[in-house]
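Here are some notes on the ligand site and on the aromatic pairs, set out point by point for your reading alongside the model.

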Amino acid sequence: MQNNLKDKTILIGITGGIAAYKICELIRMYKKAGANVKVVMTKNALNFVTKLTLETLSDNKVFVENFETQEREYSPEHISLCDEADIMVIAPASANTISKIATGICDNLLTSVVCAFNKPVIIAPAMNTNMWNNKIIQKNISILKENNYHILEPETGELACKTTGKGRLCDLNLIFEKTSEILGANAVGSGKLKGKKVLITAGGTIEKIDTVRYISNFSSGKMGIALADEAYKQGADVTLIITKPVETPYKTVYVQSAEEMQREVLKSGLKSDLVIMAAAVADFRAETVSKQKIKKTSADTMTLNLVKNPDILKNLCEQKKKTKNKKTVIVGFCAESENLLKNAKEKIAKKGCDYLIANDISKKDSGFSSDYNEVYILDKNGKKSHIERSLKTVIAQKILEKVFE
Ligand code: CTP
């Protein structure tokens, strides 16, 4: 795996929450990857972890108050810390600090630094479930997301306040991977896939029934986005065809239905070096889409006639065969809830693609909507390899490595 952290300066902001102790381990992880780590903390955070511990682990002075050091006469701390760092990571981020950042309040060193920081900021909140669910906090989180802060949502589990719910600091590996991903994306162009054209589809298709209703599925699009981000990081010319609007530094095409997706895929698929169909395409769509909202009738049941959608992957593979195209590698995904490998073997033959990434969607801790996945990579010659449960960003790196082998 590429090390994007080496010689980078990571500024960690710690606020007052029990998860502050976990940041000691995060500092070790960053240091091990060769990063320079600086820490700024709120006064409340000092109740949970000591300055001495953090200074020992980070090998740097830890900052708490504004205008603390006299040595830095040339530049106030909140400015010099900003200049030095490549990225800022606020973890754990309390409800209080989140709200201050969202409203531009700068009443301590940490909030002053964030306000002046014009490079990427990751925020990993951790708090009591009711605080997390509070509408004002959620509104402030939305403000931060709209303003390009990278929010790593808390996990659900047992909390320090002896309740169970959403509020635990997310997995440290997730914070580490996100930091690496962002620093890697900022250093685009150096990668192995320079000069390669890559087309990726992501998300569940949306098949309209009438003006307000549709058929879709639970696909979050995360796997496809992780693949597109990774290909971009490695220098590829990426196009992502996706069913929800997303902001990316590469080209995205927003589509809804399988038919729209097929149009885009067939238009440029075979001009690409690699096509990955990570989208969850609906197999059926409504036979007719009502131009008005369908009204409820007195009947207790209603029948919706469905017709088959085109099989985009199969059609692209047929086009490849017909045009004797030797350049484009085509990769399909295979979501199964039972008999994973048996179904995957049948599917790769039926679709005619070069590789098939098989994942078991019945697993609760990976697959749909999760940040994690566990997959098998099958090739058309019947060879298979396994990628154990890892973050989707890591799975994406391994898939690209394999298909460009
Ligand atoms: N796919 C596609 N067009 C469709 C259905 C699926 O291009 N109409 C693609 C998906 O993007 C994926 C692969 O085919 O890369 C397999 O999708 P999956 O849903 O697992 O298989 P299906 O062909 O839909 O078969 P089934 O639902 O019966 O498992």
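1. The ligand sits in the second largest pocket, and the reader should keep in mind that this is a predicted model. The elements that contribute two or more residues to the shell around the ligand are helix 11 (312-322), strand 17 (329-336) and helix 12 (340-351), and strand 17 supplies the largest share, namely four residues.

2. Sorted by class, the shell around the ligand is made up of nine nonpolar, one polar and four charged residues. Of the 14 residues around the ligand, those that come nearest are Met277, Ala279, Phe333, Lys347 and Lys351.

3. Which atoms of Met277 and Ala279 approach oxygen atoms of the ligand? For Met277 a backbone N or O atom lies 2.7 Å from an oxygen atom of the ligand, and for Ala279, too, a backbone N or O atom lies 2.7 Å from an oxygen atom of the ligand. With Asp283 the contact is made through the side chain, where a polar atom lies 2.9 Å from an oxygen atom of the ligand. On its own the ligand has 570 Å² of accessible area, of which the protein covers 79%.

4. Turning to the aromatic rings, the count comes to two aromatic pairs. One of them joins Tyr30 and Phe176, which are stacked, with 5.9 Å centre to centre and 25° between the planes. Tyr30 belongs to helix 1 (residues 23-32) and Phe176 to helix 8 (residues 172-185), so this pair ties together parts that are 146 residues apart in sequence.

How values were computed:
Residues numbered from 1 in each chain as written. Predicted model: local features only at pLDDT ≥ 70, side-chain atom pairs only at ≥ 80, totals over all residues. Heavy atoms only, no water. Near = heavy atom within 4 Å. Polar contact = N/O pair within 3.5 Å; in protein donor to acceptor, adjacent residues only side chain to side chain. Areas by Shrake-Rupley, 256 points an atom, 1.4 Å probe, with all protein chains shown as cover. 1 Å grid on protein atoms, 1.4 Å probe; cavity = no way out; pocket = protein on both sides within 12 Å on 5 of 7 lines; lining within 4 Å. Sits in = over half its atoms within 2 Å of the grid points. Nonpolar A, V, L, I, M, F, W, Y, C, P; charged D, E, K, R; others polar. Phe/Tyr/Trp six-rings, centres within 6.5 Å; stacked < 30°, edge-to-face > 60°.
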